[in-house]
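Here's a quick look at how two chains sit together. Have the structure open while you read.

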Number of protein chains: 2
Amino acid sequence: MRYRPGHKAEVHQKIVKDASCRVRAEGLNGAGVAAVMRDAGLTHGGFYKHFGNKDALLLESLREAFRDISGKLARAAEQSHTEPPWKAIVKAYLSLEYCDHADRGCPLTTLAPELVRVDKRMRGQIFAELVNYKDRMIPFMPGQQTADKERAFFSIFSTMIGAIEIARMLPEPAMREKVLAIARDFLLHSF
Amino acid sequence: MRYRPGHKAEVHQKIVKDASCRVRAEGLNGAGVAAVMRDAGLTHGGFYKHFGNKDALLLESLREAFRDISGKLARAAEQSHTEPPWKAIVKAYLSLEYCDHADRGCPLTTLAPELVRVDKRMRGQIFAELVNYKDRMIPFMPGQQTADKERAFFSIFSTMIGAIEIARMLPEPAMREKVLAIARDFLLHSF
DNA sequence: TCCGTAGGATGACCATCATCATCCTACGGA
DNA sequence: TCCGTAGGATGATGATGGTCATCCTACGGA
């Protein structure tokens, strides 16, 4: 073989990671085949040696995005010893950092409305990722019983997603930070 | 002239209304020139007799969408005599009706992430629409001073937008209604 | 009656994009 | 040394979509 073993897997992972950023930064069809391959230093033609079709890449890059953000949030929650884990998650999620760098943040804040419109086959897979995300966050949520935690999850994440989306529409950092702060205060005093 | 006076204005309005539904239902590039003109019973060629370019239509259809939803919400608020107006708004916004018919609902729930990515020129115009929307809703918000009402606006609308987006990703009506109910209860007991 | 014109239709152009057939190349095994 | 092949490159194809030049048509005014 021309390349050492494992090389293809590495390239594959690089493509997926790049695509997961692109898709979060520019939307579902910001991750065109040519653009994604260029990011990886390749040309568009080799794409189909790695993926059956574009949807396959889309699904993998979404999975990567969910894995990425849920990992980051879980880490923030676990490293917080002075306050409840859910508060650490709220503070991390509603930071200017994630607001201004969509490509590192939660895919729901950039893609939720678009994900509703993909074809049914893939919507099932995406739904599974969402359930996964929720299950990964539930242990950190406030409340005693699982039902309480689940209610908290939906309330908290709804607010955070909406707040980030509104903030991103505002032209000045100070305005964005203000909206984020309002949502943070609202949530932190609500449970 | 071939048509009675006012005919062109009527057709123009019809195109804009159709586009405002299409854009909410299928995203910014679901409102292609050909599709929008077909909706109006015309062919794609006549488009440029009505609009300078596609962005002009986009802007007009967004304006129409904001006008549409803020009118509906204001009406709901004003017709509510047994409860505070903001509660009527929350119940209307978080109804299965608007959840399942994106084309009649708030453009932010379908378009917010996409609007962040349009070119800078138009982003300014869109920001103005957002401010307009807020100013139209502020009088109905809970709180004494304007600052309180503004904080309430951002908290309430963040939660509502996020809740609708999450609900729309769920495959079954019962699941969607559950998420909407959670967000409703959360908001209605928060102010 | 007939001409000018507004509103719309036809058709073409160009760009972008997903997809894929085909070609190229350099390494490992024989 | 040399051949088979995996990984990637080139380039073509068809679809879609925005844009616009040009054509068509029927009404109002003279």
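Buried area is the accessible area (1.4 Å probe) that two parts lose on being put together, summed over both. By that yardstick, chain B and chain A bury about 3,400 Å² between them, with 72% of it on carbon and sulfur atoms. On the chain B side, Arg117(B), Met169(B) and Phe186(B) lose the most area to chain A, together 20% of what that side buries.

A bit of housekeeping: this is a predicted model, where local features need pLDDT of at least 70, side-chain atom pairs count only at pLDDT 80 or more, and totals for chains, interfaces and linings use all residues. Residues are numbered from 1 along each chain as its sequence is written, chains are lettered from A and ligands numbered from 1 in the order in which they are written, and side-chain values use heavy atoms, leaving out hydrogens and water.

How do the copies relate? Superposing chain B on chain A takes a rotation of 180° with 0.0 Å of shift along its axis (RMSD 0.0 Å), fitted by least squares on C-alpha atoms of residues with pLDDT of at least 70 in both. The two copies are therefore related as by a two-fold rotation axis. In chain B, Thr159(B) has the C-alpha nearest that axis, 1.9 Å away.

Here are the interface counts, with the cut-offs alongside.

| Item | Cut-off | Value |
|---|---|---|
| Contact residues of chain B | heavy atoms within 4.5 Å | 41 residues |
| Salt bridges | side-chain nitrogen of Lys or Arg within 4 Å of a carboxyl oxygen of Asp or Glu | six |

One salt bridge joins the side chains of Lys178(B) and Glu150(A) (2.8 Å, N to O).
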